[in-house]
Amino acid sequence: MQPSPSGLAAIAPPLPRHVAIVMDGNGRWALGQGRERSAGHQSGLGPVRAVIEAAAQHGIGALTLFAFSSENWARPAGEVASLMNLFCESLDRELPLLQSKGVRLRFIGELSLLEARLRTRIDAAVAATAGNERLQLQVAISYGGRQDILAAARRIAARCERGELRSSELTEAQFAGELALAGLPDPDLYIRTGGEQRISNFLLWNLAYAELYFTDTLWPDFSAADFELALRHYASRQRRFGLTGAQVAG
Ligand code: IPE
Ligand code: IPE
Ligand code: MG
């Protein structure tokens, strides 16, 4: 087992194969310090780095981070602009770290809504890290779970209209294959910081059997040790998937 990046003891298995995180609480963190909300987004970068490093070090294969939702477009224009600037700057700056950690970066969401300069950087970062295999990192930007399911339904309906598929033969696996996270295992562990206990339109299909972990810690304060605490909680849970405890244990 790998030593822990935070210096704590290594984590007993099972470890999740895929962790999904709603990085919430940036605005409240900044306002609590008498600063602009955008300062909270800026300070959220440190925990992003820490969690990526910890996930890679513990051998977690996939990490999906919710950075900006479909609904976040309706925030004040200045906050949206500062977030888009932050995404642009951090993509350039963090690329060497991602390369050194063997991170393959991908983006999910309605990327066509992003400004061209950000899409150019996204394309470059995705291409540059395409050969990495240690950790699959998905960043959800302009992402909504309902929009994801609707887009999948439209593609499947189009295949039915073309006579390529009979609706009665559609399987769960085929449907999942049209979603943004196609090809990845479903998240085993869902973490939300910032105290709210809700999904906020994140991965609605894929979270069906995720273990949910909520913490009051605001995202800019979230550390590798906090991440490891969530991994320990996960390891202590019995996942039953509808079976009885005895069936699962037996
Ligand atoms: C999460 O923090 C980041 C984004 C949604 C972009 P918030 O900005 O939602 O912070 P709070 O919840 O208002 O504190
Ligand atoms: C969810 O947080 C989206 C991200 C963290 C990117 P929100 O702050 O947008 O969610 P609500 O509004 O509290 O549900
Ligand atoms: Mg929030």
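How far does a polar side-chain atom of Ser200 lie from an oxygen atom of ligand 2? In this predicted model, the distance is 2.6 Å. Ligand 2 sits in the largest pocket, and the space taken by ligand 1 is the largest pocket too. Let's look at each ligand in turn, and then at some details of the protein chain.

**Ligand 1 and its surroundings**

- Start with the neighbours: 13 residues surround ligand 1, and the closest are Asp24, Gly27, Arg28, Arg37 and Arg75.
- Sorted by character, the shell around ligand 1 holds 3 nonpolar, 5 polar and 5 charged residues.
- Three helices each supply at least two residues of this shell, namely helix 1 (26-31), helix 2 (37-43) and helix 4 (77-100).
- Helix 1 gives the most to the shell around ligand 1, with 3 residues.
- Asp24 uses its side chain here, with a polar atom 2.8 Å from an oxygen atom of ligand 1.
- Gly27 takes part through its backbone, where an N or O atom lies 2.9 Å from an oxygen atom of ligand 1.
- Arg28 also approaches with its backbone, and a polar atom there is 2.7 Å from an oxygen atom of ligand 1.
- How much of ligand 1 does the protein bury? Taken alone, ligand 1 exposes 370 Å², and the protein buries 88% of that.

**Ligand 2 and its surroundings**

- The residues around ligand 2 are Val22, Met23, Asp24, Phe66, Ala67, Phe68, Asn72, Arg75, Arg192, Arg198 and Ser200.
- You may recognise two of these names: Asp24 and Arg75 surround ligand 2 and are also among the closest residues to ligand 1.
- The shell around ligand 2 divides into 5 nonpolar, 2 polar and 4 charged residues.
- Strand 2 (residues 62-69) provides the largest share of this shell, 3 residues.
- In the side chain of Arg75, an N or O atom is 3.2 Å from an oxygen atom of ligand 2.
- Arg192 has a polar side-chain atom 3.4 Å from an oxygen atom of ligand 2.
- For Ser200, as the opening question showed, the distance from a polar side-chain atom to an oxygen atom of ligand 2 is 2.6 Å.
- Ligand 2 exposes 390 Å² when taken alone, and 78% of that is buried by the protein.

**Backbone details to look for**

- Ser200 is worth a second look, as its phi is near 50 degrees, a positive value in a residue other than glycine.
- You can find Ser200 in the loop between strand 5 and strand 6.
- Which form does the peptide bond from Pro13 to Pro14 take, cis or trans? The bond is cis, with omega near 5 degrees.
- To locate Pro14, look in the segment before strand 1 (18-22).

**Aromatic pairs**

- A pair of aromatic rings is described by two things, the distance of the centres and the angle of the planes.
- The count for this model comes to 9 aromatic pairs.
- One of them joins Tyr209 and Phe241, whose ring centres are 5.1 Å apart and whose planes are at 50 degrees, so the pair is tilted.
- Tyr209 lies in the loop between strand 5 (189-192) and strand 6 (211-214), while Phe241 lies in the loop between helix 8 (224-235) and helix 9 (245-249), so this pair ties together parts that are 32 residues apart in sequence.

How values were computed:
Residues numbered from 1 in each chain as written. Chains lettered and ligands numbered in written order. Predicted model: local features only at pLDDT ≥ 70, side-chain atom pairs only at ≥ 80, totals over all residues. Heavy atoms only, no water. Near = heavy atom within 4 Å. Polar contact = N/O pair within 3.5 Å; in protein donor to acceptor, adjacent residues only side chain to side chain. Areas by Shrake-Rupley, 256 points an atom, 1.4 Å probe, with all protein chains shown as cover. 1 Å grid on protein atoms, 1.4 Å probe; cavity = no way out; pocket = protein on both sides within 12 Å on 5 of 7 lines; lining within 4 Å. Sits in = over half its atoms within 2 Å of the grid points. Helix = DSSP H or I, 4+ residues; strand = E, 2+ residues; numbered from the N terminus. Nonpolar A, V, L, I, M, F, W, Y, C, P; charged D, E, K, R; others polar. Phe/Tyr/Trp six-rings, centres within 6.5 Å; stacked < 30°, edge-to-face > 60°.
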